[in-house]
Amino acid sequence: MAEEGSKWVVMVTGRSPTNIAVIKYWGKRDEGLILPINDSISLTLDPLHLSATTTVAVSPSFSRDRMWLNGKEIPLSGERYQKCLREIRKRANEVSDEKQGIKIKKEDWERLHVHISSYNNFPTAAGLASSAAGFACLVFTLAKLMNVKEDLGEISSIARQGSGSACRSLYGGFVKWAMGNNADGSDSLAIQLADETHWTDLVIIIAVVSSKQKETSSTSGMRETVQTSALINHRAETVVPARVLKMEEAIQNRDFASFAKLACTDSNQFHAVCLDTSPPIFYMNDTSHRIINLVEKWNHSEGTPQVAYTFDAGPNAVLISPNRKTAALLLQRLLFQFPPNQDTDLSSFVVGDKSILQDAGVTSMKDIETLEPPTECKDKVPYQRFTGDVSYFICTRVGSGPKVLTDETLALLDPITGLPK
Ligand SMILES: Nc1ncnc2c1ncn2[C@@H]1O[C@H](COP(=O)(O)OP(=O)(O)OP(=O)(O)O)[C@@H](O)[C@H]1O
Ligand SMILES: C[C@@](O)(CCOP(=O)(O)OP(=O)(O)O)CC(=O)O
């Protein structure tokens with residue numbers, strides 16, 4: 001290793017996507033190791049729209065491990081961060097940086113400290129799975145910095161110990177988290193079912209209903225469910241195993257009708273076990289329920305699913321449509337029922353892949369005002385519009401897994417000081 005007093009800094013920047021489960025993880029059999037009571041399946045979302053970017057740096061001049069999240073220093077003392085750091089350090093190997101003429105020996109990693117800076121390109125702790133993208137990115141990027149040779153499956157089982165759902169963000173496309181059987185958690189890891197090129201027609205629209213932090217975290221919510229719900233065992237032991245097989249088949253065959261039915265039913269059952277928890281946990285709100293009604297009515301009137309919905313531990317809706325045409329029709333319906341407050345501009349109300357707006361024929365706020373009620377509702381109860389109840393929409397798609405960013409200008413730490421830029 002280059003001499004201690006020298007000022008060298010070696011760093012790596014990575015970017016990891018978030019994911020949305022279509023068969024939910026809810027409940028642990030081991031809290032410490034984060035081992036689930038059932039398998040789960042997710043779609044990885046396009047990192048362009050929802051991802052964490054993390055730079056990790058090592059230098060002999062760092063006196064302790066430090067981390068900054070969205071520009072603010074946060075403590076790394078939490079058990080979840082410590083576990084991820086410890087597990088990656090254990091697997092570290094020799095690293096040579098030829099440009100700087102530095103060699104870090106395997107044994108050096110035990111005493112060298114790291115600086116970590118991470119940034120989410122979407123709201124943190126707002127029910128958009130920032131912890132999934134964040135821990136996946138942290139573990140992936142640290143593994144690159146420390147030249148860890150283990151495969152992505154094993155890396156995913158380390159990310160799992162940061163946050164369960166994070167293990168699924170190690171792969172792009174369609175991913176299963178196999179619950180595993182081993183007591184040490186070594187077989188509880190992510191498996192890619194199909195990559196992001198498998199089913200490219202899917203369009204995902206997220207209705208961000210509330211950006212406030214939620215009352216019950218996923219961690220404590222699922223603990224309370226396991227302790228008090230009479231339904232959770234039936235879900236984990238009987239319902240989910242059969243559903244996982246069917247969902248794998250639906251994904252393999254790109255069978256949207258089955259995919260949508262399974263995703264909606266599973267989301268509803270997850271919220272049902274939350275309600276069956278004592279005291280009951282309410283993650284969805286009136287706006288979430290209105291979105292479910294909108295989709296159910298539309299699907300029913302067409303006789304076949306047009307759109308799938310799924311809700312995590314919060315009120316935000318994730319809506320999945322089979323193609324752009326249906327996504328445009330969905331966006332029209334959503335904008336009709338949930339128009340923005342006055343003075344909102346369209347470019348901040350619909351973000352991500354804005355091209356769906358054109359397909360929906362909406363290019364200005366005026367176009368939203370003049371949208372017609374959807375045909376399936378015309379002759380029924382007078383149609384109400386809920387202005388301002390959705391904060392904004394994110395249009396996105398299924399995307400790729402974590403990547404190293406080689407463009408040095410994207411690094412979040414200064415290459416000389418190792419401090420946030
Ligand atoms: N980029 C990141 N890098 C490392 N850790 C992160 C990152 N982003 C978020 N986290 C961690 O995740 C926590 C937020 O997780 P939390 O489960 O509360 O919210 P969420 O993941 O956004 O929502 P949900 O789990 O309901 O989808 C943060 O307090 C932080 O500890
Ligand atoms: C509803 C969910 O999003 C729950 C996610 O729970 P977390 O992964 O956030 O929980 P911890 O493992 O305790 O960190 C469903 C899912 O993503 O499968």
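These questions and answers cover the surroundings of ligand 2 and one open sheet in a predicted model.

Residues are numbered from 1 along each chain as its sequence is written, chains are lettered from A and ligands numbered from 1 in the order written. In this predicted model, local features need pLDDT of at least 70, side-chain atom pairs count only at pLDDT 80 or more, totals for chains, interfaces and linings use all residues, and side-chain values use heavy atoms, without hydrogens and water.

Q: Which side chain has an N or O atom 2.7 Å from an oxygen atom of ligand 2?
A: Polar contacts here are pairs of N or O atoms within 3.5 Å. Glycine 164 offers a backbone N or O atom at 2.8 Å from a ligand 2 oxygen. The side chain at 2.7 Å belongs to serine 163.

Q: How much of the accessible area of ligand 2 does the protein cover?
A: Threonine 219 also places a side-chain N or O atom 2.8 Å from an oxygen of ligand 2. Accessible areas follow the Shrake-Rupley method with a 1.4 Å probe. On its own, ligand 2 has 460 Å², and the protein covers 94%.

Q: Where does ligand 2 lie relative to domain 1 and domain 2?
A: Domain bounds come from an automatic or database assignment. Domain 1 (10-195) and domain 2 (203-396) both give residues to the shell, so ligand 2 lies between them.

Q: Which strands stand at the edges of the open sheet?
A: Strands are DSSP runs (E, at least two residues), and two pair if DSSP finds at least two bridges between them. The order is β15-β16-β14-β18-β17, with mixed pairing. Each edge strand has a single partner, so one side of each lacks a neighbour in the sheet: β15 (308-310) and β17 (350-352).

Methods: A polar contact is a pair of N or O atoms within 3.5 Å; within protein, one must be able to donate a hydrogen and the other to accept it, and residues adjacent in sequence count only if both atoms are side-chain atoms. Helices (H or I, at least four residues) and strands (E, at least two) are DSSP runs, numbered from the N terminus.
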